[in-house]
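I opened a fresh page for this chain and went through it one topic at a time. Here is what I looked up, in the order I looked.

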Amino acid sequence: MSRKPPLKGRAARLARLFPAGPRQAARTPFVLLVVVLLGGGLIGLLVLNSALSEGSFKMDDLRRDTKSLTDEEQALQRDIDSYSAPDALQRRARELGMVPGGDPAFLDPDGTVKGVPSPAARQSAQEAPAVRPPEALVFSQTIGSSPSPAPSGAPLGSPARGAAPDPSATTPETPGR
């Protein structure tokens with residue numbers, strides 16, 4: 001077999017620095033490094049998986065909330081639509097004692113009148129409102145008696161023309177109070 005010639009000089013000094021013969025590297029640090037890397041990877045995957053599932057639960061909750069809020073919004077929109085329908089507005093106006101207006105007249109910028117105005121239709125006793133407007137309630141509390149409906153020319157909340165308050169409704173003040 002071939003034998004290597006002995007090294008001399010500088011090469012011999014460098015050869016002493018390296019181990020002589022084929023030696024295997026220690027396996028323990030390598031195995032430990034692989035185990036630590038695999039363990040860290042598994043723990044990282046576990047943390048990532050739990051964070052993703054938590055986000056999924058939050059997203060489901062938000063979707064459920066969004067659906068309930070959308071349903072509520074649609075219900076409120078249906079209510080608004082039903083209250084603003086022409087027949088509902090007309091019914092509510094009649095309940096408040098309002099009557100349909102007559103034909104309007106228009107004023108031009110130069111002061112001329114276009115059209116012939118007509119008065120609003122009078123309300124019959126059977127069409128009298130079951131619900132009084134708030135102005136009528138305030139008026140009846142200040143007078144102390146049930147008010148008669150104001151003529152169509154008088155504004156709401158003002159006493160009817162020619163009507164005087166009932167003197168028996170007022171109480172005389174007692175001195176010393």
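**Entry 1: a salt bridge in helix H2**

I began with Lys58, which forms a salt bridge with Glu54. I read 3.7 Å between their closest N and O atoms. Both residues sit in helix H2, four residues apart, or about one turn of the helix. Then I checked the cover on Glu54: its relative accessible area is 45%, so I noted it as partly exposed.

**Entry 2: how far to trust the model**

I reminded myself that this is a predicted model. The chain has a mean pLDDT of 76, with 64% of its residues at 70 or more. Where is confidence lowest, and where is it highest? Helix H4 (residues 134-143) is at the low end with a mean of 55, and helix H2 (residues 27-83) is at the high end with 95. I also marked residues 145-172, where the pLDDT is below 50. Beyond near neighbours in sequence, that stretch has 20 contacts in the model.

**Entry 3: the overall layout**

I counted four helices and two strands in the chain. Along the sequence they come in the pattern α-α-α-β-β-α. Of the 177 residues in the chain, 5% are buried. I then looked at contacts with a separation of 6 or more: residues 24 or more positions apart account for 26% of them. For the surface, I have about 16000 Å² exposed by the chain, with 63% of it supplied by carbon and sulfur atoms.

**Entry 4: the other salt bridges**

How many salt bridges does a search of the whole structure find? My search of the whole structure gave six. One of them joins the side chains of Glu95 and Arg91, at 3.4 Å from N to O. These two lie in helix H3 (residues 86-95) and are four residues apart, about one turn of the helix. I looked up their accessibility as well. Glu95 has 27% relative accessibility and therefore counts as partly exposed. Arg91 is at 48%, so partly exposed applies to Arg91 too. Following the charges a little further, I found Arg91, Arg92 and Glu95 linked in a network of salt bridges.

I also noted Lys114 and Asp108, whose side chains meet in a salt bridge at 3.8 Å, N to O. Asp108 has a relative accessible area of 25%, so I put it down as partly exposed.

**Entry 5: a nonpolar patch**

Next I turned to nonpolar side chains at the surface. Which residues make the nonpolar surface patch of about 480 Å²? I listed Phe30, Val31, Val34, Val35 and Leu38. I picked Val34 for a closer look, and found that this residue lies in helix H2. Why can Val34 count as partly exposed? Its relative accessible area is 34%, and partly exposed covers the range between the buried limit of under 20% and the exposed limit of over 50%.

**Entry 6: a threonine and a backbone oxygen**

My last stop was Thr66, another residue I located in helix H2. A polar atom of the Thr66 side chain lies 2.7 Å from the backbone oxygen of Leu62. Is Thr66 buried or partly exposed? With 46% relative accessibility, Thr66 counts as partly exposed.

**Entry 7: a note to self**

When I come back to this page, I will keep the confidence values beside the contacts. Helix H2, with its mean of 95, has the highest confidence in the chain, and this helix holds the Lys58 and Glu54 pair I started from. For residues 145-172, I will keep in mind that the pLDDT is below 50.

Definitions and conventions. Residues numbered from 1 in each chain as written. Predicted model: local features only at pLDDT ≥ 70, side-chain atom pairs only at ≥ 80, totals over all residues. Heavy atoms only, no water. pLDDT = per-residue confidence, 0-100. Contact = heavy atoms within 4.5 Å. Salt bridge = Lys/Arg side-chain N within 4 Å of Asp/Glu carboxyl O. Buried < 20%, exposed > 50% of the residue type's maximum accessible area, 1.4 Å probe, protein only. Patch = residues over 30% accessible without salt bridge, like charges linked within 9 Å, V, L, I, M, F, W, Y side chains within 5 Å. Areas by Shrake-Rupley, 256 points an atom, 1.4 Å probe, with all protein chains shown as cover. Polar contact = N/O pair within 3.5 Å; in protein donor to acceptor, adjacent residues only side chain to side chain.
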